[in-house]
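This briefing walks through one protein model, topic by topic. Please keep the sequence and the structure in view while you read.

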Amino acid sequence: MCDDGGRPGQDVAGRSRRGFLRGAALAGAGAAVVGTGAAVAGAPPALAADAAGQRRGGKWGPDPTSLQFTVAVMPDTQFLYWGSQDSVDRTPQEESFRYIIDNSGNPDLNIVFMAHLGDMTQDADPSSFEEVDKAFALLDAHGAAYSVVAGNHDLSGDDTRGDTTYLRTMGPRRFKKSRTFAGADATGYNTAHIFQAAGRSWLLLALDWRTTDQGFAWANEVIRAHAKMPVIITTHDMVWSTYDDNVFPYESGDPENNAGLSEHGQKVWDELVEDNDQVFLTVNGHYWPPGRTTKKNAAGNDVHLHLANYQNRYFGGGGMIRLYHFDLARDTIDVETINPWVLAQDPASRNELAAELSRVSGPVDNFSVPVDFEKRFSGFDPVPVRPARPAARVLVKGTQAYWRFDGQGADGTALAEGHRVPDLSGRGNDLTVVSVPGSAADALTWSADHHPDQPGHASLRFAGGRGPVHGAYLTTGASAPLNRETFRSGYTIEAFVRMPLDWDAGRNGNASFLSRRGRAGAAGKHGKNTDPDEPVAQFAITNNGREPQFNHYPTNNTYPTTNWGHGLVELRWWHLAVVNDGRFTRLYVEGAPVADNPRRLSVGLSSLGLPWLVGGHEYAGAIDVVFHGNVGDIRIVNRPLGAREFLTAK
């Protein structure tokens, strides 16, 4: 707690509204021994350690491999522990601990760690720490992973202060059986913890509220010793809110930038954060109301600096916790703030103030932080690049055509009219470049860009479109065997595509990256949804939100079957596949089946014996649009493949 109303400054014990009580308590704290204090007279009912054991919920069992996990943060709980005033209530904090334990094994939350932000007590009195000890025994009994830090209300001075009640109660000895405890500095006030989540190790440094040069030296050494781990720093004093608690509901200014470094926080930044690219998040308490900001470190990467504190709310915050939901699949940290103590109560029995405290929903309490984790961590732990695979390794049984674009031209150089791209299946379905008259010389270029799981580490960049039609595409020869193939026993068609930011629905929509020439009408097609002028098969990106579409006329019907995918974002590589098992056709995006896969009998692909086009789309017998974007490896197989056999398979 910051006793001057939540503003940054020095230790103010003995000068402000509750400082005199705190000062008196600290005067005798150093001589006290944990566990010798008498029971707190008149304290509200609270669960003792043995009673807590009777109310155990689930086991501590987070999933260390899931890409979704949660780190729980508990800020200043000091008003629950004011033993020198005979005022202690463990119930709210213990209810939060039960919630954390129970939801460690809940796959929707997957809580992997809990970090307390300091000011565990109001007075540092031995009687207060005796009760804190009992509350945290609940976490210990379940093997929960957690850390603590000392706040200014837990002790005085800096991390060279020597023996204290806090250190004897919550110091390194408490963590000797913890699997996540990674060590402490010589003073015991700065500790390191390593937890497992998303298939990797994460380092959390829990730093004293007044860390000295020796503490920073130790922390830097720990980071260097774990050079590939992302680092979270928790401490009591780091950033303060640049607006005050006279503003309600605490939405003043920009909620994404309403905090600044305190005097001590500036030292933490200078000594530990700025030059350590591994540090990507800091969380502290002490000040209020909550706030956050983002600063660039020396490497030019974002460091997210967050303040969480609810001690000025009803019941001193009631053991409220902030949940940091990491989602590495979505590259996002979703943050929410809840009160398990209130949520555990019967809604009908909650008093009005408790009901207001069950969830805090303002923009400084519930928000999302976008983080491209792979990119953010690449400076110290880059993801190994999957090596290119030779064509021979992906020429599975039944491969009819395999086109890839590596080793044939320098990045950014153009393909000239008539240039030949070989069919690596050996079946003679080579491609030849055709330019639309009047197109730029660089309408089709080699590119080193590629999908991370693509066998060939290259692609073709098509700069095509319509209005007027322009660009260059590729075509099989007039006598290529693939032209006559009808695939009546099934097929698999795979391709890698990427759309640029300047992709436009009007100029570039409904353009095929792979199609089969021949008017549907000329193939005798008619009936529902039939367009007699469209090609007999087309694998395209539609004008409806860049949705992939495979529209084809099977041999058993006079009308088409169409498979639709969801919208694909630009600047991301996508693996697309259509699989026909001789009866039904399914479209896959990144190996996942889409929603619009019709249960319609569709046998083979109709053919007029005409060429296939890569990057070209024909309508009414003429090219009407050329693809805009990158196209990587393309493979066509005359049998259905499972997702584990796709070109992306590990």
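Helix 6 passes helix 7 in a right-handed crossing, and this is a statement about a predicted model, as is everything that follows. The axes of helix 6 and helix 7 (residues 263–273) lie 10 Å apart and make an angle of about 40°. Because angles under 35 degrees count as roughly parallel and those from 65 to 115 as roughly perpendicular, helix 6 and helix 7 are described as oblique to each other.

**Helices that pack together**

- On the side of helix 6, the residues that meet helix 7 are Asp213, Phe216, Ala219, Asn220 and Ile223, and their counterparts in helix 7 are His264, Lys267, Val268, Glu271 and Leu272.
- Helix 3 (residues 91–102) and helix 4 (residues 126–141) also pack, with an angle of about 10° and with their axes 10 Å apart, and helix 3 and helix 4 are therefore roughly parallel to each other.
- The contact between these helices brings Gln93, Glu94, Phe97, Arg98 and Ile101 of helix 3 to Lys134, Ala135, Phe136, Leu138 and Leu139 of helix 4.

**The surroundings of Tyr81**

- Tyr81 is placed in strand 2 (residues 81–82), and Tyr81 counts as buried because its relative accessibility is 0%.
- Although Tyr81 and Gln122 are 41 residues apart along the chain, their C-alpha atoms are separated by 6.0 Å.
- When residues up to four places away in sequence are left out, the residues that Tyr81 touches include Arg90, Gln93, Gln122, Glu131 and Ala135.
- Two of these neighbours, Arg90 and Glu131, also belong to a network of salt bridges, in which they are linked with Glu94 and Lys134.

**Strand 7 and its partners**

- Strand 7 (residues 191–197) is mostly covered, since six of its seven residues are buried.
- Strand 6 (residues 181–184) runs antiparallel to strand 7 and is joined to strand 7 by three bridges, one of which pairs Gly183 with Ala192 in strand 7.
- The hairpin of strand 6 and strand 7 has six residues between the strands, and within this hairpin Gly188 takes a positive phi near 90°.
- Strand 8 also runs antiparallel to strand 7, and seven bridges join the two strands; here Ala197 has Arg200 in strand 8 as its bridge partner.
- In the hairpin of strand 7 and strand 8, two residues lie between the strands, and Ala198 takes a positive phi near 55°.

**A sheet of eight strands**

- Strands of a sheet pair through backbone hydrogen bonds, and this pairing can be either parallel or antiparallel.
- In this model, eight strands make an open sheet in the order 20-21-24-33-26-27-28-29, and their pairing is antiparallel.
- Strand 20 (420–421) and strand 29 (561–564) are the edge strands of this sheet, each of them pairing on one side only.
- Within the sheet order, strand 24 (residues 472–476) and strand 33 (residues 612–614) pair in the antiparallel sense over two bridges, and the bridge partner of Thr475 in strand 33 is Leu613.

**Salt bridges**

- How many salt bridges does the structure hold? There are 27 of them, and the following points look at several one by one.
- Arg210 and Asp237 meet through their side chains in a salt bridge of 2.9 Å, taken from N to O, and this pair links distant parts of the chain that are 27 residues apart. Arg210 lies in the loop between strand 8 (200–206) and helix 6 (213–225), whereas Asp237 lies in the loop between strand 9 (231–235) and strand 10 (239–241). Both Arg210 and Asp237 are buried.
- Arg635 forms a salt bridge with Glu494, and their closest N and O atoms are 2.6 Å apart. This pair again links distant parts of the chain, with Arg635 in strand 36 (residues 628–637) and Glu494 in strand 25 (residues 491–498), 141 residues apart. Arg635 and Glu494 are both buried.
- The side chains of Arg330 and Asp327 meet in a salt bridge as well, at 3.2 Å from N to O. Is each partner buried, exposed or partly exposed? Arg330 counts as partly exposed because its relative accessibility is 47%, whereas Asp327, with a relative accessible area of 9%, is buried.

Terms used. Residues are numbered from 1 along each chain as its sequence is written. This is a predicted model: local features need pLDDT of at least 70, side-chain atom pairs count only at pLDDT 80 or more; totals for chains, interfaces and linings use all residues. Side-chain values use heavy atoms; hydrogens and water are left out. A salt bridge is a side-chain nitrogen of Lys or Arg within 4 Å of a carboxyl oxygen of Asp or Glu. Helices (H or I, at least four residues) and strands (E, at least two) are DSSP runs, numbered from the N terminus. Buried means under 20% relative accessible area, exposed over 50%, partly exposed in between (1.4 Å probe, protein chains only). Two strands pair if DSSP finds at least two bridges between them. Axes are lines fitted to C-alpha atoms, for helices over the stretch in contact, and angles run from 0 to 180 degrees between N-to-C directions. Angles under 35 degrees count as roughly parallel, over 145 as roughly antiparallel, 65 to 115 as roughly perpendicular and the rest as oblique. A crossing is left-handed if the near helix is turned anticlockwise from the far one by less than a right angle, and right-handed if clockwise. Contact means heavy atoms within 4.5 Å.
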